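I opened a fresh page for this one and kept the notes short. Have the viewer ready and follow along with me.

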Amino acid sequence: MRLSQLEFGSLLSYSPRGNSIEILHARDFMIALKTEKFVEDPKTLKPVLMSKWVAETIQHDRGKLPFSSYFHPNAILVPTPKSSLMKPDTLWVPERIASALAKIGLGKVLPCIRRVKSVLKSASSLPRERPTAVDHYNSFRVFGSLSEPDEIVLVDDVVTRGATLLGAANRLVEAFPKTCIRAFAVMRTISNPSEFNQLYDPCKGTIELRESDDTLRRP
């Protein structure tokens, strides 16, 4: 793979462990994100789809977000595929998020990367069985014809170690070697609950490929 490091941004965080009120609230938010549920808009107190809430929050807070440069009218937003092969009418949360961002002028959606082979779902796999970035890379293909864009943003719902994003980015860089490729995940996993700060926790960081073939996400 050509890329050993990928820049990424994320808006929210949650921890799968711990039982504080803040952690439990963030975990509920993660479930709502994964299932594209309605959440209460804090400004209007009315229900809004999670994908729309994410897009409108980014638009509202762009001036202070560390990854604000990722989103603008000409940004190409590529939804990250699910671990399984896509079936008709299947909920594809990253595509919903990318479409919500595009709808308010923060990019253009291009679903050009697909799985040609399913992989194990990391969330339900033992650590030693989780697909590596190379496994993901081998399961992806880029489809369609497109003139080389200046920049691509891979869009995902949740990032843990970042193997999926790094594998997808390496497929894209083969097709578009001169394109700046970055990633955005709405939420990042904080494995150690003592390191969890709060739900709304924007950051910009990196995903690195290690010699052991696993990935390291910072922060």
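**A strand, a helix and their neighbours**

I started with a crossover: strand E8, helix H5 (residues 163-175) and strand E9 (residues 180-189) form a β-α-β unit that is right-handed. I kept in mind that this is a predicted model.

Next I looked up the pairing of E8. With E9, E8 pairs in the parallel sense over eight bridges. I picked one pair to look at: Val158 has Met187 in E9 as its bridge partner. Strand E4 (residues 76-79) also pairs with E8 in the parallel sense, here over four bridges. On that side I noted Val78, whose bridge partner in E8 is Leu154.

Then I asked how many residues of strand E8 (residues 151-159) are buried. I found nine of the nine below the 20% relative accessible area cut-off, so E8 is largely enclosed by the rest of the structure.

I moved on to helix H3 (residues 93-103). Which of its residues are buried? My list reads Val93, Pro94, Ile97, Ala98, Ala100 and Leu101. Viewed down the axis of H3, these buried residues fall within an arc of 160 degrees, so they line one face of the helix. A reminder to myself: an α-helix has 3.6 residues a turn, so residues three or four places apart point the same way.

What do the buried residues of H3 pack against? I noted helix H1 (21-35), helix H2 (50-61) and strand E5 (108-109), along with E4, E8 and E9 from my earlier entries.

Last entry: just after H3, I came across Gly105 with a positive phi of about 85 degrees.

Note on methods: Residues numbered from 1 in each chain as written. Predicted model: local features only at pLDDT ≥ 70, side-chain atom pairs only at ≥ 80, totals over all residues. Heavy atoms only, no water. Buried < 20%, exposed > 50% of the residue type's maximum accessible area, 1.4 Å probe, protein only. Helix = DSSP H or I, 4+ residues; strand = E, 2+ residues; numbered from the N terminus. Pairing = 2+ DSSP bridges. Right-handed = clockwise from strand over helix to strand, strands pointing away. Arc of directions from axis to C-beta. Contact = heavy atoms within 4.5 Å.
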